[in-house]
Amino acid sequence: MGTLTTAPTTPHDPAHSPEAHLTEEVCASVLASLRRRDQRHKGQLYVNGLLTARGRKTMRNLATSTREPAAAQSLHHFISVSTWDWSEVRASLARRMERLMTPHAWVVQPMVTPKSGVHSVGVQRRFIRHLGQAVTSQHSHGLWLAGQSAAAPVNWQLSVGEDRPGAPAPGVPETVGGGWSGDDTAISVVLQAASWGLTPRPVVIDARDVPPAPLIEAFTAADLPFLLRVGGNTPLLAPDLSSGQRRVLSASAEHLTTLARSQQRPVEWVDPAVPRVLRTGLVALLPVLWPGVTVPRRPRPAGVRVVAPRRSGGAELLLMGEWQPNRRRVAELWLTNMTGAGRGTLLRLSKLTRRADTDFARICMDVGAQDFEGRSYHGWHRHMTMVSLAHAVRVLTREHHAGEELERSG
């Protein structure tokens, strides 16, 4: 599952390590869309700097990895001033990595980049749930091709804030304006990738920090399968399993899972973040509807309302609850339109967020995902495009070494 295939490298060539060879190969292929030779050259220099420079990936630091005079100014111009189209480069990278990785899902992950000042595009003070505090930061979403053994980002979108008044900030396209909030960026990063001719994969998102309704509507309209992690208070409609009558309940997702506890079944899964570690979760599935009408207020104990059967106009979904062994409260709640999928398939897809988290921490951060010093929208996007290339090279190099070790052990 999720295996990678890489092109062979020249054996015992002291002039080319596997990473250097793959840097040259990946850049030659992916940067071919850049019409000018000097842009392709600068792109490879930038990627090589992200891979080899120590510490923060500042322009001065990246320039030290080259032997070219005025490299810092040249690389700055390539990222912040040049006019090359990053979407074409990302599309080329995505198609290449799809062939090499055979991913199981498109995992959409948020990225919070703390900032000391407020002058960079998109910087706002936001409450960050997993930190439990407000942080002055940029907020973006990345789309990752994810399999069991590796994940690689291929597209990014930067939020410029939902409450920015008036015209867009300098350098931000008018099509973006002040409308890129959290759900906007998550939707945009997926729909743009879907336009590149990739094979559609289940879109897996932790949607607890964004409204799920726009995601469900957008992905349904695009005919994309999705698996969204939701909060326990998410309102849903579901059949009343405790009643012999054909009634529909309106209740929170967490409350509805209590009605499905009798359907719990153990499911084993291999942890993508810890290779060869087998874990077990208790999983139950419950058919639900995404509310499409306003339901009347008819009180019922424990926060549940019973409504008369009627056409809701809502989307038919599955609610998946996962419990840890010996724990009564549900650990995770997921909504999906893959109503024919089994417990094992859905649980293992949900765990691919752990693969993306792991490779973000171990690879993406190391190649400069949060090191861009510029202030412009275009510069941020071009930097993140080069970060994606460097990440891809690092993933392919890791798989190359893993293949060599497998051959030696065999």
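What follows is a chat about how the labels on this predicted model are earned.

Colleague: Let's start with the overview. How many helices and strands does the chain have?

Modeller: The chain has 11 helices and 13 strands. Buried residues make up 51% of its 410 residues. About 19,400 Å² is exposed, and carbon and sulfur atoms supply 51% of that area.

Colleague: What share of the contacts in the chain links residues 24 or more positions apart?

Modeller: Counting contacts with a separation of 6 or more, 66% are between residues 24 or more positions apart.

Colleague: On to helix pairs. Why are α1 and α5 called oblique to each other?

Modeller: The axes of α1 (residues 18–30) and α5 (residues 86–101) cross at roughly 125 degrees and come within 9 Å. Roughly perpendicular covers 65 to 115 degrees, and roughly antiparallel needs over 145. The crossing at roughly 125 degrees falls in neither range, nor is it under 35, so the pair is oblique.

Colleague: Which residues make that contact between α1 and α5?

Modeller: From α1 there are E25, V26, S29 and V30, and they meet V89, S92, L93 and R96 of α5. By class, that contact has 4 nonpolar, 2 polar and 2 charged residues.

Colleague: What makes R96 and E25 a salt bridge?

Modeller: A side-chain nitrogen of Lys or Arg has to be within 4 Å of a carboxyl oxygen of Asp or Glu. For R96 and E25 the N to O distance is 3.1 Å, so the pair meets the cut-off. R96 lies in helix α5 and E25 in helix α1, so the bridge ties together parts that are 71 residues apart in sequence.

Colleague: Are the two ends buried or partly exposed?

Modeller: One of each. R96 has 12% relative accessibility, and buried means under 20%, so R96 counts as buried. E25 comes in at 24%, between the 20% and 50% limits, so E25 is partly exposed.

Colleague: How many salt bridges turn up in the whole structure?

Modeller: The search finds 17. Another of them joins D271 and R279, with the closest N and O atoms 2.7 Å apart.

Colleague: How do you know that D271 is buried?

Modeller: D271 has a relative accessibility of 1%, and the limit is under 20%, so D271 qualifies. Its partner R279 is at 33%, so R279 counts as partly exposed.

Colleague: And what about D359 and R398?

Modeller: Their closest N and O atoms are 3.2 Å apart, which is within the 4 Å limit, so that is a salt bridge too. It links distant parts of the chain: D359 sits in α10 (residues 352–364) and R398 in α11 (residues 377–409), 39 residues apart. D359 is buried at 0% relative accessible area, whereas R398 is partly exposed at 27%. Elsewhere, salt bridges with shared partners join R229, E322, E332 and K351 into one network.

Colleague: Back to helices. What makes α2 roughly perpendicular to α4?

Modeller: α2 (residues 37–52) and α4 (residues 71–81) pack at about 105 degrees, their axes 10 Å apart. Roughly perpendicular runs from 65 to 115 degrees, so α2 is roughly perpendicular to α4.

Colleague: Which residues meet there, in α2 and α4?

Modeller: Q39, K42, G43, L45 and Y46 in α2 meet S74, L75, F78 and I79 in α4. That contact has 5 nonpolar, 3 polar and 1 charged residues.

Colleague: Now some loops. Why is V160 called buried?

Modeller: Its relative accessible area is 0%, against a cut-off of under 20%, so V160 is buried. V160 is in the loop between β4 (151–158) and α6 (182–194). Its C-alpha atom is 8.8 Å from that of S140, 20 residues apart along the chain.

Colleague: What is notable about the backbone of T102 and D223?

Modeller: Each has a positive phi although it is not a glycine: about 45 degrees for T102 and about 60 degrees for D223. T102 is in the loop between α5 and β1 (105–114), and D223 in the loop between α7 (212–221) and β6 (226–229).

Colleague: Why is D223 called exposed, and T102 partly exposed?

Modeller: Exposed means over 50%, and D223 has 68%, so D223 passes. T102 has 41%, which lies between 20% and 50%, so T102 is partly exposed.

Methods: Residues are numbered from 1 along each chain as its sequence is written. This is a predicted model: local features need pLDDT of at least 70, side-chain atom pairs count only at pLDDT 80 or more; totals for chains, interfaces and linings use all residues. Side-chain values use heavy atoms; hydrogens and water are left out. Helices (H or I, at least four residues) and strands (E, at least two) are DSSP runs, numbered from the N terminus. Buried means under 20% relative accessible area, exposed over 50%, partly exposed in between (1.4 Å probe, protein chains only). Contact means heavy atoms within 4.5 Å. Accessible areas come from the Shrake-Rupley method with a 1.4 Å probe; for residues, only the protein chains shown count as cover. Axes are lines fitted to C-alpha atoms, for helices over the stretch in contact, and angles run from 0 to 180 degrees between N-to-C directions. Ala, Val, Leu, Ile, Met, Phe, Trp, Tyr, Cys and Pro count as nonpolar, Asp, Glu, Lys and Arg as charged, and the others, Gly among them, as polar.
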